[in-house]
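Open the model in your viewer and keep the sequence panel beside it. The tour makes three stops and says what to select at each.

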Amino acid sequence: MKHAKKSQDFFERCYNGRSVTVPSVLNLKKSNCKNCHRCIRKCPVKSIRFSGHQAHIISDQCILCGQCFVVCPQEAKEIVDDRGTVRALIDSGAPVIASVSPSFFAVWDNCGINSVRKALKALGFADAEETAIGATIVKREYERQIREGTQDIIISSACHSVNLLVEKHFPELRKFLAPTVSPMVAHAMDIKRRIPEAKVVFIGPCVAKKDEYVGTCVDAVLTFEEFDQMCHSKGIEVESEFGESFKGRATGFSVAGGITNSMDLPDTGYFTITVDGTKNCLNALRDIRSGKIDKCFIEMYACAGGCIDGPIMEKYINSPVRHICSVLKHVGKEDFPVEQPSPESLHKDHIGTPLNLPTPSDKEIREILARIGKPNPSDELNCGSCGYDSCRDKAIAIYRGTADYSMCLPFIMDRSERINNKVLNNMPSGLIVVNEDLEVQQINRSALALLNISHESDILGDCVVRILDTAPFFTALETGKSVKKLRSYFSDYGRYFEQTIVYDRSSRILIDIFSDVTEEEEEAARSKAISRQTAEITNNVIENQMRIVQEIASLLGETTAETKIALTRLKESLSLNDDEEE
């Protein structure tokens, strides 16, 4: 590797000492969000707000760990795509050099930097180098800080998600973050020191790097997935490589413990700790804040296992043990031969914007809890289904406007059940729900009263044949169609019932809605009896009138024939109506 002799003043010009937040690094495809709450359950800092049954990322609180992207089952979270920016850099004519995270060893089996370089050159890149070169610069700076011992606690600053976690959520601990740029930035500085006109593109498994690079010497960031998509679109493959390439100690930076293992640690009284995974990071930071930790160098990664288990790796090629083995077998015993810049040129101020979140009073928390059916501490299940660790945490989130009442699953289920029971039990009609084996699953109060059943437990789970005729149920099952307004007399109850049986194939249940129509049937029977009695009386009158007509006709001749015909037709009409009612 050739290193041009350039003035180290370049490093001071390359980095402005702060990271500019890019709110659009993680975006939400609203139409895909199904209100499942998996993202908030996984988010370590609860930087997701739910509104209108949609998840919204709160950029001011987000640490860009990418876990919401990993766990979303609907692909509703998407990472900003920088492929267009990279193509524009290549088309500009400037030499574009890739800085490739050592995690690449876990992505492409049996491949080294030479095979990745070959694929990148086919895409139009001028060259490719390992980011571990920059990691070598950074680990030497960590060694210097430990030797000088100016900080009681030194937290590695290589992981941008950890930096964001401290800057946003533990601002009082910013003084413990190593005031040093990340390996990505250090490597870009070194490349541009050697090749001033170069454009640098970092390629790795991290979402947070797409935020970190803004305002630095890095010109663009690609995830491994984006790089793979670019190769696929051009029909390019990263081929297996059997040749040897230089193995540096700092290649292990991408594995938890790799920073410490790459360092030459002087005996200055510092002890070293490796902390990986956001949960462990949060616990460690809380301990530091409470004064329980001192005189140590803490190698801290937001991702469990280190960068080799970053969000892109975890989502698409998750095999953490194999990833660790793939990287470690390429870790050497010597440092990459790289010129070490001055400490001043590697300096980074961790500024950030501390969060000023409103905190509700205990009374306000209790009022919110009461609204979700938890008026007493014993009602707080702390089940975590909403994504928060406790009901009180959820109440605080509601107060801050980042959660809503509907996110409490037990509350929603209980409310839904209460409303359902209230509606069903106040229905004037009887309702029975049975499964496909005709076993009673639910019965309302009206049905209990109509069928002379004391308690629902007396029939639940039993076959409906105990209380009703099963024939219409079988008809609904066999035809898949509803049986509507079927009227039958049930001798066991001395009543007429009108039944409508609906078969819901998707839930595999039958719903029988029935009502007592005994009074209607009895009234109809009474009406028929009165009608029949009236017809008989009328018929007798007509018979008498017919005899009188005949007698008169014998005396007066044929002049009464029309009257006789009219009475005969009336008699026939009454007989016809009586037959129709029957």
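Leaving aside its neighbours within four places in sequence, which residues is Ser101 in contact with? Before selecting them, note that this is a predicted model. Now pick Thr131, Phe202, Ile203, Gly204, Pro205 and Phe224: these are the contacts of Ser101 once neighbours within four places are set aside. Ser101 itself is in the loop that runs between β5 (96-100) and α5 (104-107). Its relative accessibility is 5%, so Ser101 counts as buried, the cut-off being under 20%.

Next, go to Leu28. Select residues 26-28 to show strand β1, where Leu28 lies. Then add Cys33, Gln54, Ala55, His56, Ala76 and Lys77, which Leu28 touches when residues up to four places away in sequence are not counted. For one of these, Gln54, a distance can be displayed: its C-alpha atom is 9.1 Å from that of Leu28, and the two residues are 26 apart along the chain.

The last stop is a group of strands. Select β16, residues 509-516, together with β12, residues 430-435; the two run antiparallel and are joined by six bridges. To find one bridge, highlight Ile432, whose partner in β16 is Asp512.

Now add β15, residues 495-504, which is also antiparallel to β16 and is joined to it by eight bridges. Here Val502 has Ile511 of β16 as its bridge partner. Finish at the hairpin of β15 and β16, with four residues between the strands. Select Arg508 there: this residue takes a positive phi near 60°.

Conventions. Residues numbered from 1 in each chain as written. Predicted model: local features only at pLDDT ≥ 70, side-chain atom pairs only at ≥ 80, totals over all residues. Heavy atoms only, no water. Buried < 20%, exposed > 50% of the residue type's maximum accessible area, 1.4 Å probe, protein only. Contact = heavy atoms within 4.5 Å. Pairing = 2+ DSSP bridges.
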